[in-house]
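Reader: Could you take me through one part of this structure closely, the place where two helices from separate chains meet? I would enjoy a connected account that starts there and then works outward.

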Amino acid sequence: MTDADLAPAPSDTTRDRPRFEPTAGERKISLLLRLRRDYPVLLLAIPGMLVVCAFQYYPLWGNVIAFQDYQPYLGVNQSLWSGFENFSIVFNGDPEFLNAVKNTLILTAIQTVIVFPAPIVVALVLHSLLSNRIRQIVQTIIYLPHFMSWVIVVAVFQQVLGGTGMINNWLRSHGYDPIHVIGNAEAFRALLTSQVMWKDTGWATILFLAVLSQIDRSLYEASAADGAGRWRQTWHVTLPGLKPIIILLLILKLGDSLTVGFEQIILQQPAVGIGTSEVLDTYVYNNGIIGGDWGAAAAVGLVKSVVALALVLAANKLAHRLGEEGVYRG
Amino acid sequence: MSAPNHRLGKRQPVLVGGMPMPGRTERVLKAVFLTVICGAVVFPFVGVISTSLASPEEVIRAGGFVLLPTDGIDLSAYKSILSGGTVTQSILVSGFITVVGTTIALLLTCTLGWALSRRGTVGNKPLLLLVLVSLLFNPGLIPSYLVIQQFGLLNSLWAVILPVSVSAFNVIVVRAYFVGLPGEVLDSARIDGASEWKLFWYIGLPLSKAVVAVVGLFYAVGYWNSFFGALLYLSDSSKWPLQLVLRTYVVNGVEIGAQDLGGGSEALPPQTSIQMAILMISIVPILCVYPFVQRHFAKGVLTGAVKG
């Protein structure tokens, strides 16, 4: 899903009307007749729908093990029910669990305050360039890291910042002390943040650039006529134009606030220990799949999903109160 | 750009796109800023390429990392990892996952997108809703694992391929494109007696090459990069894709020995060179594919993203 953040859609909205809108008479055709007419369409839908149901909806059933004393050799059907026992980790505040919550929230805060605004700044600079050619060259370069896997990104960072990496080699050969970043628990959050920024800042500008290109030009001309300089135009025209998309993305981010950099952290966790690196997702993985405490890990995962869903709904409501569009109407 | 009367006394600034021309300081600052971020992206790649190509002596002399090889180019690191053995095996596995996965994913995504684009047919709305709602939540790690286990897919490459073969987002994108196709063409083919499958295969798909290419490239990059699914479900290391091998030998720094390489008994190139060569091999296919993705984004994303 991560690679599918954005993709083209046909530009012409006026053609976006149904070809098969049933007419008044057609509505009365019996279901059987409609089935006979439409079964080839349904046949085409079946394989894809099977995959969606099998791997998106069907697994939801697996959450029942959160209420079980699940034993892999017994399976879901024969494991004993244990009620809410597994949830005691959450409600009684198991220290390791609380640590994972704390780390998750700290990383989310960092990502919202530092990582989130970065592409807005880059997009503003790119948007203000006069040369399309230069803009395209820069875009081509800065989108690239998004297509690298986390394994590649982590490996590249190690080669640059590691003990015998590029930067430390240079520092040593010029008589400075090497820096200790990779495998240093104290620098771990800074490392994660810089990796996320390296990988996705460029890619995230796409969305902001798209919105910037749609801001009505006459607003700029009018403000210039009223004597606004470039800064005042940015403040009074450009940023208000970006407001809806910023709010939309912040809502989505809130829904994702309990999910931070799973693959990225799993890859680097052995080097720094779980003290600063354990987040909720890695907690579920380490305790459930690796540690074998299936029921408890599933309980944590379930609570996380429910809280995340509640957060999205709440944030969307808040956006409506503030007079913004939000993610959906309702 | 007419000058308003009350400002007649002052010289009007030249406007570009409604904004005054940037001053010299601003232009210099922006040039520096963009150079720095582009450098931050390019610099590590150059280092990786250079080290993988540098001669063994030079790598040892530099203490591990070479920014610009001066001794000429040496391909021994690539030869050693491509001569059979763990890395070669994993490249084949990754290639298999990518080719088979992308083919299946495209077929499933396009047929489903096509069916959902036929509004007014039986069950169209409920099916569309099912796909849309699945965007809002993630089934979770442990439930997903249990399902793979129940289907008997543990330790099978299908466990890496199938669960991600229908991305709801891609289905929506493809469907939106199909909805926008000219209805007249499809109607006339229908009158001529073309079956639903023929409409899809001979008319719908050929008219939608652009979106199929973009979605296909998304899937291909996703499969080539697939890491966690493989870590979770594949216990047999002979089935490991390149990303897992990369993790073992490069991220975790496990020493790569002659027995892992399947080559002869000649001296191995330095570990750093081999590591950088593995890294390069995982990057190069993306670099080859990327220009095509990028070209399509330039137009497509702008309209699609804003509407969504």
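Author: Happy to. In this predicted model, V138(A), I141(A) and I142(A) of helix 6 of chain A meet five residues in helix 1 of chain B, namely L34(B), I37(B), C38(B), V41(B) and V42(B). Sorted by class, this contact holds 8 nonpolar residues, with no polar and no charged ones. The axes of the two helices lie 9 Å apart and make an angle of about 35°. If you turn the view to look along the crossing, you will find that helix 6 of chain A passes helix 1 of chain B in a left-handed manner.

Now bring in a neighbour from chain A. Helix 5 of chain A covers residues 117-127, and its buried residues are P119(A), I120(A), V122(A), A123(A) and L126(A). These buried residues sit on the same side of helix 5 of chain A, because they cover an arc of only 165° around the axis. What do they pack against? Within chain A, the partners of the buried residues of helix 5 are helix 6 (132-143), helix 9 (188-212) and helix 11 (230-255), and from chain B helix 1 (24-53) joins them. So the two helices we began with both turn up again here, as partners of the buried residues of helix 5 of chain A.

Stepping back to the whole contact between the chains, chain A brings 93 residues and chain B brings 106 residues. On the side of chain B that touches chain A, helix 15 (residues 271-307) gives the most, with 17 residues. By class, that side of chain B has 70 nonpolar, 28 polar and 8 charged residues. The predictor's own scores for the complex are an ipTM of 0.86 and a pTM of 0.86.

Another spot worth a visit is V147(B), which lies in helix 6 of chain B. Is V147(B) buried or exposed? V147(B) is buried, because 20 other C-beta atoms lie within 10 Å, and 20 or more is what the cut-off for buried asks for. Leaving aside residues up to four places away in sequence, V147(B) touches F55(A), Y58(A), P59(A) and G62(A).

Follow the chain on from that helix and you come to N155(B), in the loop between helix 6 (141-150) and helix 7 (158-161) of chain B. N155(B) is not a glycine, yet its phi is positive, at about 65°. N155(B) counts as exposed, because it has 12 C-beta neighbours inside 10 Å.

As for the chains that frame all this, chain A has 15 helices and 2 strands, and the secondary structure of chain B likewise comes to 15 helices and 2 strands. Buried residues make up 37% of the 330 residues of chain A and 45% of the 308 residues of chain B. In chain A, 65% of the contacts with a separation of 6 or more are between residues 24 or more positions apart. For chain B, 72% of the contacts between residues at least 6 apart in sequence join residues at least 24 apart.

One friendly caution before you zoom in further. The mean pLDDT of chain B is 85, and 90% of its residues reach 70 or more, but pLDDT stays under 50 over residues 301-308 of chain B. The model has 23 contacts beyond four places in sequence for that stretch. Where pLDDT is low, predicted coordinates should not be read in detail.

Methods:
Residues numbered from 1 in each chain as written. Chains lettered and ligands numbered in written order. Predicted model: local features only at pLDDT ≥ 70, side-chain atom pairs only at ≥ 80, totals over all residues. pLDDT = per-residue confidence, 0-100. Contact = placed C-beta atoms within 7 Å. Helix = DSSP H or I, 4+ residues; strand = E, 2+ residues; numbered from the N terminus. Arc of directions from axis to C-beta. Nonpolar A, V, L, I, M, F, W, Y, C, P; charged D, E, K, R; others polar. Axes fitted to C-alpha atoms, helices over the stretch in contact; angles between N-to-C directions. Left-handed = near helix turned anticlockwise from the far one by under 90°.
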